[in-house]
Amino acid sequence: MNVQEMNGVVAALITPFNDNDEVNDKALRRIVRHILDLGAVGFYVCGSTGEGFSLSAKERRLVVETVKDEVADRAGIIVNVSHMEYRVVLELAAHACTCGADAVSTLPPIYHPVGNEEVRRYYLSLLDKVDLPLTIYNIPMLSGKALDEPMVESLVAHPNFVGIKHTSEDSDLLDRFKRAGDGRLVIWSARDAYYLSSLCMGADGAIGSTYNLTADVTNQITRAFRAGEMPRAREIQWQFNLFREQLIKLGGYQSIKRCFTLMGIDAGSCRPPYALLGSDADPHLRRVLAMLEDMRRKWNLHMPSVPCE
């Protein structure tokens, strides 16, 4: 799939683990099928939600292979290849290309106290060496390095630079990113609660963790906005935000995994340093899932069944 076609809801995919703390490829396939049934246009694989930095390179390759095999050509795949070791970044990118992914994504070099020029050269080196289109993962609250307009302007002429995953509430900056290079970059809003406001400022779509469960609901925000039905779009975003507030109350990634388990797909727990959810979380998360079903009923959405083994 061309990256430009991923102009809708992209799920930042979770990575399920079994009781031995290994990647659960069977559960992963069922989760992917469920999200496809919800209408997601793509998957962002091995990112923050997918605990990419807690996976070995071998595990990351397994996840990519499994997702691509299950998705085939039904949706797009962006693989996060960020890693502390530059050589491994290139190896993961080459593997993503071999698997048939549509693009790769990278954080800036993290931890190291490097300046803007070093970051720029890092991006340019990847753009020159990676065969797939490259997107930049802008998440300054975790990376410690905010992508800014001068950096984007210095990179946008490179044909391999195709988009930005913007995990920030700064909608003015999102607007300026979208204007760079005569608007050719795909900009995904990655702050779920701000999706509608991001669409107003030029976002092409969204990448988010919540969409593992709610891609169908979020699709309605996109459709209402593009149809000029702003009251409907605002109402759905407002209800979605109430749902999300309750979902993340006990920990976002942990709660998404537990919700899948409650739905019949055992996604396991998150790896350290995330805290384990006890069984006392289940009543709350059952109420959260009931909120989701209420939204689907209100907006006359198809309620997908959980895929079989």
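## Exercises on a predicted model

Helix α9 (residues 211-226) has 16 residues, and a straight helix of that length would span 22 Å at 1.5 Å a residue, yet α9 spans only 19 Å between its end C-alpha atoms. Since the model is predicted, treat each exercise as a reading of that model.

**Exercise 1.** Find where α9 has a kink, and describe the surroundings of the helix.

*Solution.*
- Step 1: start from the span, which is 19 Å against the 22 Å of a straight helix of 16 residues.
- Step 2: look along the helix for a bend; there is a kink of about 40°, centred on Val217.
- Step 3: check how covered α9 is. Of its 16 residues, 13 are buried, so by the cut-off of under 20% relative accessible area the helix is mostly covered.
- Step 4: move just past the end of α9, where Gly228 adopts a positive phi of about 80°.

**Exercise 2.** The whole structure holds 6 aromatic pairs. Work out which geometry the pair Tyr44 and Tyr137 has, and which parts it ties together.

*Solution.*
- Step 1: take the ring centres, which are 5.6 Å apart, and the planes, which meet at 70°.
- Step 2: planes over 60 degrees apart count as edge-to-face, so that is the class of this pair.
- Step 3: place the partners. Because Tyr44 belongs to strand β2 (residues 42-45) and Tyr137 to strand β5 (residues 134-138), the contact ties together parts 93 residues apart in sequence.
- Step 4: check exposure. Tyr44 is buried at 1% relative accessibility, and Tyr137 is buried too, at 2%.

**Exercise 3.** Now classify the pair Phe240 and Phe243, and say where in the structure the two residues lie.

*Solution.*
- Step 1: the centres are 6.4 Å apart and the planes are at 45°, which makes the pair tilted.
- Step 2: both residues lie in helix α10 (residues 230-247), 3 residues apart, or about one turn of the helix.
- Step 3: Phe240 is buried, with a relative accessible area of 1%, and Phe243 is buried with a value of 1%.

**Exercise 4.** Which charged ends sit over the rings of Tyr44 and Phe17?

*Solution.*
- Step 1: return to Tyr44, where the charged end of Lys165 sits over the ring, 4.5 Å from its centre.
- Step 2: turn to Phe17, whose ring has the charged end of Arg271 over it, 4.3 Å from the centre.

**Exercise 5.** Which residues form one aromatic cluster?

*Solution.* Look at Tyr86, Tyr122 and Tyr123 together: these residues make up one aromatic cluster.

Conventions: Residues are numbered from 1 along each chain as its sequence is written. This is a predicted model: local features need pLDDT of at least 70, side-chain atom pairs count only at pLDDT 80 or more; totals for chains, interfaces and linings use all residues. Side-chain values use heavy atoms; hydrogens and water are left out. Rings of Phe, Tyr and Trp (its six-membered ring) pair if their centres lie within 6.5 Å; planes under 30 degrees apart count as stacked, over 60 as edge-to-face and the rest as tilted. Helices (H or I, at least four residues) and strands (E, at least two) are DSSP runs, numbered from the N terminus. Buried means under 20% relative accessible area, exposed over 50%, partly exposed in between (1.4 Å probe, protein chains only). A charge sits over a ring if NZ of Lys or CZ of Arg is within 6 Å of the ring centre and within 35 degrees of the ring normal. The expected span of a helix is 1.5 Å times one less than its number of residues. The bend at a residue is the angle between axes fitted to the seven residues ending there and the seven starting there.
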